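Subject: A structure for you to look at

Hi there,

Here is the structure I promised to pass on. Open it up and have a look around before you read the rest.

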Amino acid sequence: EALEGVVDVEVKWEGGEPMHRRVGEHRVMMDVTRLLSAIGAADRYTATTTGGGEGSGVSTDELGREVVTQCFVFPFQILDTDECALPAGHGMRHRCAAPARCVNTVGSYECVCPRSGGAGGGGGGDGGPNALAFPSGNADEQYFAALAAQTRSAWELSYGAASESSCPGSPSTRSCCRDGDGTGRSTAASGDDCRAAFRCPADPCSSSSSAVAGGGSATNDCASSARC
């Protein structure tokens, strides 16, 4: 149904976390302020008799127009946002600090420490039993279960002290940085702060120059003919 004469809409959202986290079908209540002149005769009596007699629901806006506020229930769908693909400066962009890699999930994202041997973001450079392809789409629980089952060196896990990193000694933020998903583990805001505090070490032997948080790099001084 198309509503005529709409001048203001107030969404009555009590979901807690930001709406873009709640991927799926929803119904939400909205207070819709409309021009009285745009409301049909059949609806005008109902719209203007809110307990105090005809005309009691009518008010005048800042432009001197007679308006009425009505309550509607709207169905809508929230699509997933890929926080990992948003440009720098976007308010919904991921907050993973390099060299951690961002992996998108339905309604959120996680930060993952790269493997020292090659492919980042949970991939295995050796092609052996620890190899795990970086997800091309949304990472699911199967991906994170395989990630947790990997055998990793200390260079491939977050720093082991809580003073240095959230989720200390973990390959990713999946185990502790959760959004308000009914588990009670955190709200969306604290979930993002938790991911922002996740720190992975940069192995100086993985390459001649590895990006680290803050825009610097971890380098080794080995000659090209030497092995780190």
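Below is what turned up when I went through it, region by region. Keep in mind that this is a predicted model.

**The four-stranded sheet**

Start with the open sheet, which is made of 4 strands. Read across it and you get the order β1-β2-β4-β3, with antiparallel pairing. The edges are β1 (6–12) and β3 (58–60), each of which pairs on one side only. The sheet isn't flat either: on average, neighbouring strands are turned by 45 degrees against each other, ignoring direction. If you're wondering what holds strands together, the general picture is that they pair through backbone hydrogen bonds, either parallel or antiparallel.

Now look at β2 and β4. They pair in the antiparallel sense, over 12 bridges. One pair to click on is Thr33, whose bridge partner in β4 is Thr69.

Right beside Thr33 in the sequence you'll find Arg34, in strand β2 (residues 24–35). Is Arg34 buried or exposed? Arg34 counts as buried, because its relative accessibility is 8% and the cut-off for buried is under 20%. Try displaying its neighbours, too: Arg34 touches Leu3, Glu4, Gly5, Val6, Val7, Ile39, Glu66, Val67, Val68, Gln70 and Phe72, leaving aside residues up to four places away in sequence. For contrast, select Cys71, which counts as partly exposed at 45% relative accessibility.

**The β5 and β6 hairpin**

Next, move along the chain to β5 and β6. These run antiparallel and are joined by 5 bridges. Arg101 has Val112 in β6 as its bridge partner. The hairpin has 2 residues between the strands, and Gly107 takes a positive phi near 85 degrees there.

How many of the residues of β6 are buried? The count is 5 of its 5 residues, so β6 is mostly covered. As a rule, side chains in a regular strand alternate between the two faces of the sheet. In β6, both faces are covered: Ser108, Glu110 and Val112 are buried on one side, and Tyr109 and Cys111 are buried on the other.

**The disulfides**

There are 5 disulfides in the structure. Here are three of them to try.

- Cys84 and Cys102 have their sulfur atoms 1.9 Å apart. The torsion about their S-S bond is about -70 degrees, so this disulfide is left-handed. The pair links distant parts of the chain, 18 residues apart: Cys84 sits in the loop between β4 (66–78) and β5 (101–105), and Cys102 is in strand β5. Cys84 is partly exposed at 23% relative accessibility, whereas Cys102 is buried at 10%.
- Cys113 and Cys200 have sulfur atoms 2.0 Å apart. With an S-S torsion of about -90 degrees, this disulfide is left-handed. Cys113 lies in the loop between β6 (108–112) and α2 (141–149) and Cys200 in the loop between α3 (188–196) and β7 (209–211), so the bond ties together parts that are 87 residues apart in sequence. Both ends are buried: Cys113 has a relative accessibility of 0%, and Cys200 has 5%.
- Cys177 is joined to Cys194, S to S 1.8 Å. The torsion here is about -65 degrees, so the disulfide is left-handed. Cys177 belongs to the loop between α2 and α3 and Cys194 to helix α3, so parts that are 17 residues apart in sequence are tied together. Cys177 is buried at 0%, and Cys194 is buried at 17%.

**The nonpolar cores**

Last stop: the inside. In soluble globular proteins, nonpolar side chains tend to be buried together. Which residues make up the largest nonpolar core here? It has 11 residues: Cys96, Ala100, Cys102, Tyr109, Cys111, Cys113, Cys167, Cys177, Cys194, Phe198 and Cys200. You'll recognise several of these from the disulfides and the hairpin.

Zoom in on Cys200 for a closer view of its surroundings. Not counting residues up to four places away in sequence, Cys200 touches Pro99, Ala100, Val112, Cys113, Pro114, Leu157, Ser158 and Tyr159. Apart from the largest core there is a second, separate one of 7 residues, including Val103, Val112, Ala139 and Leu147.

Have fun exploring!

Technical notes. Residues are numbered from 1 along each chain as its sequence is written. This is a predicted model: local features need pLDDT of at least 70, side-chain atom pairs count only at pLDDT 80 or more; totals for chains, interfaces and linings use all residues. Side-chain values use heavy atoms; hydrogens and water are left out. A nonpolar core is a set of buried Ala, Val, Leu, Ile, Met, Phe, Trp, Tyr and Cys residues joined through side-chain atoms within 4.5 Å. Buried means under 20% relative accessible area, exposed over 50%, partly exposed in between (1.4 Å probe, protein chains only). Contact means heavy atoms within 4.5 Å. A disulfide is a pair of cysteine sulfur atoms within 2.5 Å. Two strands pair if DSSP finds at least two bridges between them. Axes are lines fitted to C-alpha atoms, for helices over the stretch in contact, and angles run from 0 to 180 degrees between N-to-C directions.
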